[in-house]
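Q: I'm new to this one, so please pick a single strand and walk me through it slowly. Once that's clear, finish with a look at the pockets.

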Amino acid sequence: MTTVSLNNLVKSYGNTQVLHGINLDIQSGEFVVLVGPSGCGKSTTLRMIAGLEEVSAGDIRIGGDVVNDMEPKERNIAMVFQNYAIYPHMSVRKNIGFGLRTSKLSKDEKDVRIDEVAGILELTDLLDRKPNQLSGGQRQRVAIGRAMVRDPAAFLFDEPLSNLDAQLRTQMRLEIKKLHQRVGNTIIFVTHDQVEAMTMADRIVIMKDGHIQQVGTPFEVFYEPANIFVAQFIGAPSMNMLKGIVKGEAIALENGTAIQLPTTKLNEDQKVAVGLRPDALLVQEGEGLFSGEVSVIEPLGTDTLAYVKVGDEEVIAKASGRTPPAVGDIVHLHAAPEAIHLFDADTGEAIR
């Protein structure tokens with residue numbers, strides 16, 4: 001296990017700068033997920049840590065040592081790619097053992113290491129099979145095994161689950177998390193899927209346009225988003241965002257309604273955005289924050305998502321799965337004061 005530190009990391013392609021001074025400290029044994037939309041720089045960051053991309057400026061430290069000029073094989077890291085990159089003509093045993101091809105271990109020692117890794121990944125009964133005899137999830141485990149067998153200081157995962165179907169992705173998320181709990185190596189995992197980030201990470205690094213927007217635990221980025229981008233990127237469906245202006249002790253919303261101020265730290269006529277997560281905006285009886293007409297419903301079993309027209313805007317709220325409203329119903333929407341997020345409308349930054 002080892003620490004990984006990025007200090008003012010910059011990446012440019014010609015005159016185009018794609019990473020703008022990234023600073024990040026990853027602790028030994030930590031599971032950190034880099035997440036963001038396509039083009040945000042997350043995979044570029046990972047490839048720079050691996051040594052597959054040159055550093056334009058700044059330092060990368062692994063275990064305290066600057067590795068900018070080190071070859072990938074000298075960095076004591078292992079990378080698992082989006083495509084399995086396993087050899088179709090080799091058995092599972094040989095594919096896993098390929099990671100030891102330059103090792104000075106004896107054949108017996110290599111066999112012991114392969115058997116240990118196969119046991120951890122539940123591949124023991126599949127060691128003599130070829131990749132075309134395996135499922136997608138089993139092939140991905142073989143790719144992970146080839147990385148594990150080297151016993152690296154850190155694992156780098158570049159969207160390893162994106163080629164799997166939904167059920168296999170869920171299964172592999174659980175397996176990778178269990179693997180981390182067993183072996184404890186530092187893991188840096190890149191994904192565009194915020195569900196993967198929330199369910200797997202010790203800490204999440206949310207990126208946009210080559211900048212880090214927020215670093216925090218899943219709890220922190222969900223309940224204490226740093227800005228509007230984080231608030232709407234994390235969580236599905238996305239957070240409702242309503243524009244308004246402070247008037248006295250209330251916020252006059254552009255949809256024609258008003259809500260009481262949840263905080264006194266705002267100035268008269270200050271432009272704000274009010275954020276409400278759909279699962280915190282509830283369809284209930286009695287006067288609430290505001291009312292509106294149901295335009296669409298999405299049954300989800302226990303709950304129902306109701307799309308409600310409030311003035312000229314549409315918000316998503318949660319209703320009962322057993323007794324959902326019908327399209328055309330006028331419903332009242334409620335939210336606890338602590339569920340209301342406020343953001344500066346001009347800067348997008350959270351108002352605490």
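A: Here's a tour of one strand and its partners, followed by the pockets.

This is a predicted model, where local features need pLDDT of at least 70 and side-chain atom pairs count only at pLDDT 80 or more, while totals for chains, interfaces and linings use all residues. Residues are numbered from 1 along each chain as its sequence is written, and side-chain values use heavy atoms, with hydrogens and water left out.

Let's go to strand S17, residues 303–310 (strands are DSSP runs of E, at least two residues; helices are runs of H or I, at least four; both are numbered from the N terminus). Six of its eight residues are buried, so the rest of the structure largely encloses S17 (buried is under 20% relative accessible area, exposed over 50%, partly exposed in between, with a 1.4 Å probe and protein chains only).

Now for the partners. S17 pairs with strand S16 (residues 290–299) in the antiparallel sense, over six bridges (pairing takes at least two DSSP bridges). S17 also runs antiparallel to strand S18 (residues 313–320), with eight bridges joining them.

Lys309 is a handy residue to find in S17. Glu293 stands opposite Lys309, and in S18 the bridge partner of Lys309 is Glu314.

Next, follow the chain through the turns. S16 and S17 make a hairpin with three residues between them, and Gly301 in that turn has a positive phi of about 100°. S17 and S18 make a hairpin too, with two residues between them; there, Gly311 has a positive phi of about 65°.

On to the pockets. The largest pocket holds about 770 Å³ of space. It has 28 lining residues, and Ile77, Ala78, Met79, Arg101 and Arg150 are the closest to its centre. Strand S6 (77–80) and helix H4 (136–148) are the elements that give two or more residues to this lining. By type, the lining of the largest pocket has 17 nonpolar, six polar and five charged residues.

A pocket here is an open set of points on a 1 Å grid over the protein atoms alone, where a 1.4 Å probe fits, with protein on both sides within 12 Å along at least five of seven lines; lining residues have an atom within 4 Å of a point.

The second largest pocket has a volume of about 240 Å³. Its lining has 13 residues, with Ile340, His341, Leu342, Ile351 and Arg352 nearest the centre. Strand S20 gives the largest share of that lining, four residues.

Conventions. Points joined across faces, edges and corners; volume = space filled by probe spheres on them. Nonpolar A, V, L, I, M, F, W, Y, C, P; charged D, E, K, R; others polar.
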